[in-house]
Amino acid sequence: MRIATWNVNSIRSRIDRVEAWLQRTDVDVLAIQETKCREDQFPFDRFAALGYEVAHHGLNQWNGVAIASRVGLEDVSRGFPDLPQWGEPAVEEARAIGATCNGIRLWSLYVPNGRHITDPHMQYKLAWLDTLRVQTQAWAATGAPFALMGDWNIAPQDDDVWSMEYYLDKSHVSPPERAAFQSVLDAGVTDVVRPHTEPGDFTYWDYQRLAFPKRRGMRIDFILASEPLAQRVQGAAIDREERKGQGASDHAPVVIEVADA
């Protein structure tokens, strides 16, 4: 089974590319982030024509997450308990959706950006990740196979960014963010993509300052799997080619190959 995650940066703007990519790559399940649309605006019909069921969680033109599957889609959960809220008035944003696909519990996650080290959004981000840590520990204790997939807005290691000097006073690489990411790992999941990548294999490149052709990127999109699932991962790749060309998302898809149980 092929499982992937992709921050598409607006599903309505990117549906043609997503559709073509699914046809080309033969992916069974795709976790999507930043759909940037409401439920009634999501192109369910385009996915259905390709044989995919979709569960979507979107409230407005911001955030939004989804799971598209052609191998079953059961027990859908939008969000999880005790998630912190944001905004005026404060609401629980559309940043997490879970579903069981072919016996594997999968979560599509869009972790808050943090914006800047001193921004209040950073405290929201850290609180959100701490809630995820608690949930991950509970999920891991069940012994069931599951994965946390998506845009984490964190580069956990120095070689996950093109220049530590450039990012030193910015978000995504700060000690509190990296500690929060590590705490989720310690709760019972493993980065199953890292063993198949090299330094400089990034997943995100800013649209500005020719970041992509200059290879100035970050690795901030991850698939973290519980031990029962991690043992079944046979390969992984970052599809850098999908970042090329007109109308590309600023993120590349990340794909893993999973053996049958």
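In this predicted model, Phe 44 is partly exposed, with a relative accessible area of 29%, whereas Phe 42, at 5% relative accessibility, counts as buried. A search of the whole structure finds 14 aromatic pairs, and one of them joins these two residues: the ring centres of Phe 42 and Phe 44 lie 4.8 Å apart with the planes at 50 degrees, so the pair is classed as tilted. The rings of Tyr 166 and Tyr 167, by contrast, have their planes at 90 degrees and their centres 4.9 Å apart, and the pair is therefore edge-to-face. Tyr 166 is partly exposed at 31% relative accessibility, while Tyr 167, at 11%, counts as buried. The face of Tyr 166 is also covered by Lys 170, which lies 4.2 Å from the ring centre. Elsewhere, ring pairs link Phe 80, Trp 107, Trp 128, Trp 139 and Phe 146 into a cluster.

Turning to the backbone, 6 strands form an open sheet of mixed pairing, in the order β3-β4-β2-β1-β14-β13. Because β3 (53–57) and β13 (233–238) stand at the edges and each has a single partner strand, one side of each is left without a neighbour in the sheet. Neighbouring strands of this sheet are turned against each other by 15 degrees on average, when direction is ignored. Within the sheet, β1 (residues 2–7) pairs with β14 (residues 254–258) in the antiparallel sense over 4 bridges, and Ala 4 has Val 255 of β14 as its bridge partner. Helix α1 (residues 11–25) lies across β1, β2 (29–33) and β14, and runs at about 160 degrees to β1.

Note on methods
Residues numbered from 1 in each chain as written. Predicted model: local features only at pLDDT ≥ 70, side-chain atom pairs only at ≥ 80, totals over all residues. Heavy atoms only, no water. Pairing = 2+ DSSP bridges. Helix = DSSP H or I, 4+ residues; strand = E, 2+ residues; numbered from the N terminus. Axes fitted to C-alpha atoms, helices over the stretch in contact; angles between N-to-C directions. Contact = heavy atoms within 4.5 Å. Phe/Tyr/Trp six-rings, centres within 6.5 Å; stacked < 30°, edge-to-face > 60°. Buried < 20%, exposed > 50% of the residue type's maximum accessible area, 1.4 Å probe, protein only. Lys NZ or Arg CZ within 6 Å of the ring centre and 35° of its normal.
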